[in-house]
Amino acid sequence: MRALVVYESMFGNTRSIADAVALGLREAGVEVEVVEVGTAPTGPAEDVGLLVVGAPTHALSLSRPESRRSASEQADGAIVSMGIGLREWLAALPTGHALVAAFDTHIDRKVPGAASRAALKRLRRRGYHAAEPAQSFYVSDTVGPLVEGEVERARRWGLELAASSLVGQQG
């Protein structure tokens, strides 16, 4: 099985989680490509059995151009995703039937919204099937860093995704 991991990241935290998820998938024997949303293909190739998308949570959902501009003003260094965000990429994504999973990063506190849930909802509307429920990973502050243990938790989630995706492909 092949997997494509597409991420949007402002400060690098979501990119770190994407890399950790990909590591878990690879450990399970999945061939994985990880791409930043601005350079992502317009849709997964036909041989991609699992599409994983990730983004930071902005205003309880996926980022918008205005929220990305605001985030860039908070950055000490360079912004990772300078172009389109996951919201725009998903809007242009063709319908499909691949298994999908979504994750997000947000501040370590209970908030009612999450980019991952919004992304999964958009993917389901396009005909994709969720391999796992949406997953959130936490940062200690707006710009980070990730809360201790979150990278390892993301790697383990990648292993779980591989297992559930393989079962989903057999069924």
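1. The protein has five helices and six strands, and reading along the sequence gives the order β-α-β-β-α-α-β-α-β-β-α. The model is a predicted one, and the points below should be read with that in mind.

2. On overall dimensions, the C-alpha atoms occupy a box of roughly 45 × 35 × 30 Å along the principal axes. The radius of gyration is 15 Å, which agrees with the value near 16 Å that a compact globule of 171 residues would have. Of the 171 residues, 51% count as buried, while the exposed surface comes to about 8,000 Å², with carbon and sulfur atoms supplying 50% of that area.

3. The contacts also deserve a remark with respect to sequence separation. Among contacts between residues at least 6 apart in sequence, 80% join residues at least 24 apart.

4. Strand β3, residues 48–56, is a useful place to start a closer inspection, and nine of its nine residues are buried. It pairs in the parallel sense with strand β1, residues 2–7, over six bridges, and within that pairing L51 of β3 is the bridge partner of L4. Strand β3 is also joined to strand β4, residues 99–107, by seven bridges, and these two strands likewise run parallel; here G54 stands opposite F103 of β4.

5. Which residues have the most contacts inside the largest nonpolar core? This core has 24 residues, and those with the most contacts inside it are V21, L25, L50, V52, W157 and L161. The elements giving two or more residues to this core are β1, α1 (13–27), β3, β4, β6 (135–139) and α5 (150–170), and the largest share, six residues, comes from α1. As a general point, nonpolar side chains in soluble globular proteins tend to be buried together.

6. V52 can serve as a worked example for anyone tracing this core on the structure. Leaving aside neighbours within four places in sequence, V52 is in contact with L4, V5 and V6, with V21 and L25, with A101 and F103, and with W157 and L161.

7. Apart from the core just described lies another, of 23 residues, and its members include L51, A55, A98 and A115. A reader following β3 may therefore wish to keep two assignments separate, since residues count towards a core when they are buried, of a nonpolar type and joined through side-chain atoms within 4.5 Å: V52 is among the residues with the most contacts inside the 24-residue core, whereas L51 belongs to the core of 23 residues.

Technical notes. Residues are numbered from 1 along each chain as its sequence is written. This is a predicted model: local features need pLDDT of at least 70, side-chain atom pairs count only at pLDDT 80 or more; totals for chains, interfaces and linings use all residues. Side-chain values use heavy atoms; hydrogens and water are left out. Buried means under 20% relative accessible area, exposed over 50%, partly exposed in between (1.4 Å probe, protein chains only). Helices (H or I, at least four residues) and strands (E, at least two) are DSSP runs, numbered from the N terminus. Two strands pair if DSSP finds at least two bridges between them. Contact means heavy atoms within 4.5 Å. The radius of gyration is taken over C-alpha atoms; the globule rule is 2.2 Å times the number of residues to the power 0.38. Accessible areas come from the Shrake-Rupley method with a 1.4 Å probe; for residues, only the protein chains shown count as cover.
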